[in-house]
Amino acid sequence: MKERIFITPDYTTAEEIKNVRKKLRLTQKEFAELVGASKSTIERWEAGNESVKGPIVLLLQFLNKEPEYVQNIKVPEKVYPLRMWYMYKQTVCTL
């Protein structure tokens with residue numbers, strides 16, 4: 001069987017995380033909500049000197065290349081007193 005090789009990096013650095021977050025104009029708290037981590041984890045990643053591994057590496061690579069994706073999934077400001085979420089299992093279909 002052929003071995004599959006991908007071009008994704010093995011790790012990311014604090015500087016790369018900070019650059020992507022600033023490029024998206026997000027606070028540490030907002031960025032933590034976006035990537036599914038806690039604010040303290042983002043703070044630790046950005047302040048540390050060690051390499052960060054895991055799914056965040058691929059996610060950062062995607063967000064760096066497609067920053068407009070964040071605008072597509074951002075929940076708009078509430079205009080009316082009632083907001084309805086139409087969902088299929090855990091996926092939001094319409095808001």
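1. Let me start in the middle of this predicted model. The largest nonpolar core has 15 residues, and Leu24, Phe31 and Ile56 have the most contacts inside it. Helix 1, helix 2, helix 3 and helix 4 each supply at least two residues of this core. Helix 4 gives the most, with 4 residues.

2. Leu24 deserves a look of its own, as one of the residues with the most contacts inside the core. Leaving aside residues up to four places away in sequence, leucine 24 touches Phe31, Leu34, Leu63, Pro67 and Val70. Of these partners, Phe31 is also named among the residues with the most contacts inside the core, and Leu63 is among the buried residues of helix 4.

3. Next, helix 4 (55-65). Its buried residues are Ile56, Val57, Leu60 and Leu63. These cover an arc of only 135° around the axis, so they sit on the same side of helix 4. On the other side of helix 4, Pro55, Leu58 and Lys65 are exposed. What do the buried residues of helix 4 pack against? The partners are helix 1, helix 2, helix 3 and helix 5.

4. Helix 3 (residues 39-47) can be read in a similar way. Thr41, Ile42, Trp45 and Glu46 are its buried residues. Their arc around the axis is only 130°, which puts them on the same side of helix 3. The cover over the buried residues of helix 3 includes helix 1 (14-23), helix 2 (28-35) and helix 4 (55-65). Note that the buried set of helix 3 includes a glutamate, Glu46, which leads to the next point.

5. What does the side chain of glutamate 46 meet in a salt bridge? The partner is arginine 21, at 2.6 Å from N to O. Arginine 21 lies in helix 1 and glutamate 46 in helix 3, so the pair ties together parts that are 25 residues apart in sequence. Are the two residues buried or exposed? Arginine 21 has a relative accessible area of 11%, so it counts as buried. Glutamate 46 is buried as well, at 7% relative accessibility. As a general reminder, side chains of opposite charge can pair when their charged atoms come close.

6. The count comes to 2 salt bridges, and another pair is worth setting beside the one above. The side chains of lysine 39 and glutamate 43 meet at 3.3 Å, N to O. This pair lies within helix 3: the residues are 4 apart, and therefore separated by about one helical turn. Lysine 39 is partly exposed, at 41% relative accessibility, and glutamate 43 is also partly exposed, with a relative accessible area of 33%. You may like to view the two bridges together, as arginine 21 and glutamate 46 are buried, whereas lysine 39 and glutamate 43 are partly exposed.

7. Lysine 23 is another residue of helix 1. Its relative accessible area is 44%, which makes lysine 23 partly exposed. Not counting residues up to four places away in sequence, lysine 23 touches Asn64 and Pro67. Pro67 is also on the list of residues that leucine 24 touches. The C-alpha atoms of lysine 23 and asparagine 49 are separated by 21 Å, with their places 26 residues apart along the chain.

8. Two backbone angles may catch your eye. In general, most residues other than glycine have a negative phi. Arginine 25, although not a glycine, has a positive phi of about 60°. Arginine 25 is found in the loop between helix 1 and helix 2 and is exposed, at 75% relative accessibility. Lysine 89 also has a positive phi, of about 55°, and is not a glycine either. The place of lysine 89 is the loop between strand 1 and strand 2 (91-94), where it is exposed at 67% relative accessibility.

9. Finally, the surface. Which residues make the nonpolar surface patch of about 440 Å²? They are Val75, Trp85, Met87, Val92 and Leu95. Tryptophan 85 is in the loop between helix 5 (69-73) and strand 1 (86-88). With a relative accessible area of 42%, tryptophan 85 is partly exposed.

Terms used: Residues numbered from 1 in each chain as written. Predicted model: local features only at pLDDT ≥ 70, side-chain atom pairs only at ≥ 80, totals over all residues. Heavy atoms only, no water. Patch = residues over 30% accessible without salt bridge, like charges linked within 9 Å, V, L, I, M, F, W, Y side chains within 5 Å. Areas by Shrake-Rupley, 256 points an atom, 1.4 Å probe, with all protein chains shown as cover. Salt bridge = Lys/Arg side-chain N within 4 Å of Asp/Glu carboxyl O. Buried < 20%, exposed > 50% of the residue type's maximum accessible area, 1.4 Å probe, protein only. Arc of directions from axis to C-beta. Contact = heavy atoms within 4.5 Å. Core = buried A, V, L, I, M, F, W, Y, C linked by side-chain atoms within 4.5 Å.
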